[in-house]
Amino acid sequence: MAKDTKDLLKKVRKIEIKTRGLSNHLFSGEYHSAFKGRGMAFSEVREYQIGDEIRTIDWNVTARFNAPYVKVFEEERELTVMVLMDVSGSENFGTQNQQKQDLATELCAVLAFSAIQNNDKVGIIFFSDKIEKFIPPKKGRSHILMIIRELIAFQPENKGTNVAEALKYFTSVIKKKCTAFVISDFITSEFENELKIANKKHDIIALKLYDKHEEEFPNLGLIPVKDEESGHIMWVNTGDKAVRDAFKWDAVKRNAALQDTFRRSGVDYTTIGTHESYVKPLMTLFKKREGRR
């Protein structure tokens, strides 16, 4: 086996052990409650038979017909879960414990393992400023491991970001209602219209990844800053407080505009930094959804 393949499989195994453990112990039940409700869908009523559970009696129908009737439930159908993954140049940025791309890979793996434990299908769309790759939804561990392998080794052709393009493509290829996680830093052109259209048909959740130093420059004097998407290098005087303040204000405005977009589109979202564990933000998001059910 080639060394590269060996290393890749090692990485896949490492991510599987960590994320599978997390989804087993933390996320599986939360995921079910947040996305699948009680797991049973009401189907019809029929007359009570000896041995039926008293809890299933439909008291309204019973009163109307003067004879006991019970509710019949059927297993709720499986979900399809799609992950729209930003693989653009800016995802390689990270000054803290990890790059955004590493964080995105783990998040995707945790969601995928939580989904297959609940008997759901998982698919993925890799996007930059174009659709880089589409892996159709399927079930099973080997499918998830293939997705993780792709997440680690995937080399995008383009470096830009276009969330609108990804949403448009997603809406056209996935016909059946599904739950979709968009994982990106959302440093992109306008996409509100496409988000509203996608969220009418599907259930969209946005996971915004960021690095602290994209939002606040430390005082490091004159430093070269490279734009990962365009490749341009610019010299910035971080010793100048006015420069640091302007940079911070720009980030505040950008974040506020993004929050408004999600709110107006009716989309649940959370932000996750490269300096922190994603467990808490994800649990909070799941619990918030659970509380609304």
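## Exercise 1: A pair within one helix

In this predicted model, the side chains of R13 and E16 come together in a salt bridge, with 2.6 Å from N to O. Work out how the two residues are placed along their helix, and whether each is buried or exposed to some degree.

**Solution.**

Step 1. Start with the general idea: side chains of opposite charge can pair when their charged atoms come close.

Step 2. Look at the positions. R13 and E16 are 3 residues apart in helix α1, so about one helical turn separates them.

Step 3. Check the accessibility of each partner. R13 has a relative accessible area of 44% and is therefore partly exposed. E16 is buried, because its relative accessible area is 2%.

## Exercise 2: Bridges between different elements

The structure holds 14 salt bridges. Take two of them, K133 with E150 and D203 with R289, and find which elements each pair ties together.

**Solution.**

Step 1. In the bridge between K133 and E150, the closest N and O atoms are 3.0 Å apart. K133 belongs to strand β5 (residues 131-138) and E150 to helix α4, so this bridge ties together parts that are 17 residues apart in sequence. K133 itself is partly exposed, with a relative accessible area of 30%.

Step 2. For D203 and R289, the closest N and O atoms are 2.4 Å apart. Here strand β7 provides D203 and helix α9 provides R289, so the parts tied together are 86 residues apart in sequence.

Step 3. Now test the burial of this second pair. Buried means under 20% relative accessible area. D203 has 19%, so D203 counts as buried. R289 has 7%, so R289 counts as buried too.

Step 4. Finally, return to the residues of the opening exercise. R13, E16, R20 and R141 are joined into one network by salt bridges that share partners.

## Exercise 3: A lysine out of sight

Find where K100 sits, decide whether K100 is buried or exposed, and name the residue joined to its side chain by a polar contact.

**Solution.**

Step 1. K100 is located in helix α3 (residues 100-117).

Step 2. The relative accessibility of K100 is 0%, so K100 counts as buried.

Step 3. The side chain of K100 is joined to that of D185 by a polar contact of 2.8 Å.

## Exercise 4: Describing an aromatic pair

A search of the whole structure finds 7 aromatic pairs. Describe the one formed by F191 and F262.

**Solution.**

Step 1. Two values are needed: a pair of aromatic rings is described by the distance of the centres and the angle of the planes.

Step 2. For F191 and F262, the centres are 6.3 Å apart and the planes make an angle of 50°, and the pair is tilted.

Step 3. Place both rings in the chain. F191 is in the loop between β6 (179-184) and α6 (192-201), while F262 is in helix α8 (residues 241-265); the pair thus links distant parts of the chain, 71 residues apart.

Step 4. Add the surroundings. Both F191 and F262 are buried, and ring pairs link them with F186 and Y269 into a cluster.

## Exercise 5: Core and surface

Which helix gives the largest share of the largest nonpolar core, and which residues make a nonpolar patch on the surface?

**Solution.**

Step 1. The largest nonpolar core has 44 residues, and M85, L107, I124, I183 and L207 are those with the most contacts inside it.

Step 2. Several elements each supply at least two residues of this core, including α1 (3-36), β3 (80-86) and β7 (203-210). The largest share, 10 residues, comes from α3.

Step 3. On the outside, L222, I233 and W235 make a nonpolar surface patch of about 390 Å². L222 is in strand β8 (residues 222-226) and counts as exposed because its relative accessibility is 57%.

## Exercise 6: Two positive phi values

Find where N66 and N119 lie, and say what their phi values are near.

**Solution.**

Step 1. Recall the background: most residues other than glycine have a negative phi.

Step 2. N66 has a positive phi, near 60°. N66 is found in the loop between α2 (59-65) and β2 (69-75), and counts as exposed because its relative accessibility is 74%.

Step 3. N119 has a positive phi as well, near 65°. N119 is in the loop between α3 and β4, and its relative accessibility of 45% is why N119 counts as partly exposed.

Conventions: Residues numbered from 1 in each chain as written. Predicted model: local features only at pLDDT ≥ 70, side-chain atom pairs only at ≥ 80, totals over all residues. Heavy atoms only, no water. Phe/Tyr/Trp six-rings, centres within 6.5 Å; stacked < 30°, edge-to-face > 60°. Helix = DSSP H or I, 4+ residues; strand = E, 2+ residues; numbered from the N terminus. Buried < 20%, exposed > 50% of the residue type's maximum accessible area, 1.4 Å probe, protein only. Patch = residues over 30% accessible without salt bridge, like charges linked within 9 Å, V, L, I, M, F, W, Y side chains within 5 Å. Areas by Shrake-Rupley, 256 points an atom, 1.4 Å probe, with all protein chains shown as cover. Salt bridge = Lys/Arg side-chain N within 4 Å of Asp/Glu carboxyl O. Polar contact = N/O pair within 3.5 Å; in protein donor to acceptor, adjacent residues only side chain to side chain. Core = buried A, V, L, I, M, F, W, Y, C linked by side-chain atoms within 4.5 Å.
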